[in-house]
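Trainee: Before we begin, may I ask how the terms used for a structure are justified? I should like each one tested against its definition.

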Number of protein chains: 4
Amino acid sequence: MDLLTARLRAFADERDWQQFHTPKNLAMALAGEVGELLAEFQWLTPEQAAEVMSDPEAGPRVKAEIGDVMVYLTRLADVLDIDLVEAAMTKLDEVAVRYPVDRAKGSAAKARP
Amino acid sequence: MDLLTARLRAFADERDWQQFHTPKNLAMALAGEVGELLAEFQWLTPEQAAEVMSDPEAGPRVKAEIGDVMVYLTRLADVLDIDLVEAAMTKLDEVAVRYPVDRAKGSAAKARP
Amino acid sequence: MDLLTARLRAFADERDWQQFHTPKNLAMALAGEVGELLAEFQWLTPEQAAEVMSDPEAGPRVKAEIGDVMVYLTRLADVLDIDLVEAAMTKLDEVAVRYPVDRAKGSAAKARP
Amino acid sequence: MDLLTARLRAFADERDWQQFHTPKNLAMALAGEVGELLAEFQWLTPEQAAEVMSDPEAGPRVKAEIGDVMVYLTRLADVLDIDLVEAAMTKLDEVAVRYPVDRAKGSAAKARP
């Protein structure tokens with residue numbers, strides 16, 4: 001994680017790309033990559049989607065799209081000075097309180113996260 | 001990272017939510033959270049967006065949305081058996097070849113990732 | 001359609017909102033609304049999703065989200081001076097050539113649009 | 001509008017694509033196309049984005065992406081039996097009440113829609 005953040009920072013610095021890496025632009029880029037990820041799943045049945053990683057063509061594409069999403073999310077978090085894992089853990093703490101096991105069990109309406 | 005993945009897995013197991021956590025559903029949930037993140041930035045000028053974390057109201061909201069995005073991205077990667085950081089590193093290796101420093105320097109058209 | 005475009009324009013003019021309605025901001029707002037629409041469908045099975053309009057709670061929410069998406073898409077097209085229906089028809093002409101009936105029939109890989 | 005809806009319906013019927021055109025899949029496809037639209041704007045300054053239609057390369061691409069978004073939005077609305085323009089008008093009625101001219105004038109926080 002830290003290495004990835006550092007590498008992305010060096011990558012942008014070397015190429016003089018900090019000027020483009022504003023939070024607004026990076027959020028758009030993140031959304032664009034998530035759009036490409038969705039496109040991999042959009043016409044699959046739930047069953048096909050569950051097996052997508054065994055597909056010799058779609059599997060590597062999905063991995064590459066996930067990689068793209070992680071690249072932009074990590075870069076955005078760095079630019080905003082947010083610790084990604086800590087932010088996720090904090091959210092999870094809140095969700096655990098909001099959806100206690102005994103009440104949320106098996107309920108789709110509450111399947112978050 | 002590993003702890004986050006494990007915690008999310010236990011979270012879903014305890015609540016019997018694996019049934020909802022299909023790749024297709026998780027990709028949609030990820031996109032939904034990215035949409036909420038975009039909403040935080042949409043009316044801000046680039047200057048306002050750059051200062052968003054100093055805003056006592058918007059700052060914590062942005063951090064929470066980033067946390068939500070990371071939660072679903074981590075869960076999706078786990079369900080697909082993809083190592084998030086490794087997938088991002090692999091993408092970065094490719095991009096480094098495609099956009100060498102000397103040619104990409106300062107060029108918006110190439111400001112990826 | 002024309003009435004909607006005109007009404008949205010008047011709406012922004014009266015409120016002095018043209019300054020916020022840049023193409024970049026409107027594209028982000030559009031994506032944010034699509035994210036909310038996705039959230040309505042994310043935990044539903046395909047069967048539940050097909051019946052969503054009969055649900056007294058989810059049905060009106062889905063209609064409202066679709067309305068939001070249409071509002072921003074119409075406004076964005078107006079700001080860019082693009083005729084929405086004409087742009088869609090043009091795309092459809094191209095797709096008809098790319099996916100002729102005899103070759104595309106029943107094929108998921110080609111289920112576009 | 002009606003012609004577009006009818007043409008899209010015939011398009012799907014002829015190709016036996018109704019099976020893929022579930023609300024869930026179409027919502028994902030819509031989000032995927034919006035992601036491509038965002039990608040056109042992500043590295044542009046607000047000024048560049050405002051001039052994008054004059055760009056001989058980016059302009060037609062933006063129009064094509066807008067067309068794609070409209071195609072899927074129209075198809076999704078048809079499958080859900082929602083009148084797109086009417087849904088947008090209804091939303092606008094609500095927003096007009098929520099953001100009266102005298103209070104919303106020039107305020108970014110309220111620049112919706």
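Mentor: The model is predicted. We begin with one definition: a helix is a DSSP run of H or I of at least four residues, and helices are numbered from the N terminus. Just after H1(C), C:Asp16 takes a positive phi of about 60 degrees.

Trainee: How do you know whether the end-to-end span of H1(C) agrees with its number of residues?

Mentor: The expected span is 1.5 Å times one less than the number of residues. For the 14 residues of H1(C) this gives 20 Å, and the end C-alpha atoms are 20 Å apart, so the two agree.

Trainee: Which residues of H1(C) are called buried, and what makes them so?

Mentor: A residue is buried if 20 or more other C-beta atoms lie within 10 Å of its own. In H1(C), C:Leu4, C:Leu8, C:Phe11 and C:Arg15 meet that definition and are buried. Because they cover an arc of only 55 degrees around the axis, they lie on the same side of H1(C). An α-helix has 3.6 residues a turn, so residues three or four places apart point the same way.

Trainee: What is found on the other side of H1(C)?

Mentor: A residue with 12 or fewer such neighbours is exposed. On that other side, C:Asp2, C:Leu3, C:Ala6, C:Ala10 and C:Asp13 are exposed.

Trainee: Against what do the buried residues of H1(C) pack?

Mentor: They pack against H4 of chain C, and also against helix H5 (84-98) and helix H6 (101-104) of chain D.

Trainee: How many residues of chains C and D are in contact?

Mentor: Contact requires C-beta atoms within 7 Å. By that rule, 58 residues of chain C are in contact with 58 residues of chain D. H4(C) gives the most to the side of chain C that touches chain D, with 14 residues. That side divides into 42 nonpolar, 5 polar and 11 charged residues.

Trainee: And how many residues does each chain give to the contact of chains A and B?

Mentor: Chain A gives 58 residues and chain B gives 58 residues. On the side of chain A that touches chain B, the largest share, 14 residues, comes from H4(A).

Trainee: What relation holds between chains A and B, and how is it recognised?

Mentor: Two copies of a chain are related by a rotation about an axis and a shift along it. Here a rotation of 180 degrees with 0.0 Å of shift along its axis superposes chain A on chain B, with an RMSD of 0.0 Å. The relation is therefore that of a two-fold axis. The same surface serves both copies, as 100% of the contact residues of chain A recur in chain B.

Methods:
Residues numbered from 1 in each chain as written. Chains lettered and ligands numbered in written order. Predicted model: local features only at pLDDT ≥ 70, side-chain atom pairs only at ≥ 80, totals over all residues. Contact = placed C-beta atoms within 7 Å. Helix = DSSP H or I, 4+ residues; strand = E, 2+ residues; numbered from the N terminus. Nonpolar A, V, L, I, M, F, W, Y, C, P; charged D, E, K, R; others polar. Least-squares fit on C-alpha atoms with pLDDT ≥ 70 in both. Arc of directions from axis to C-beta.
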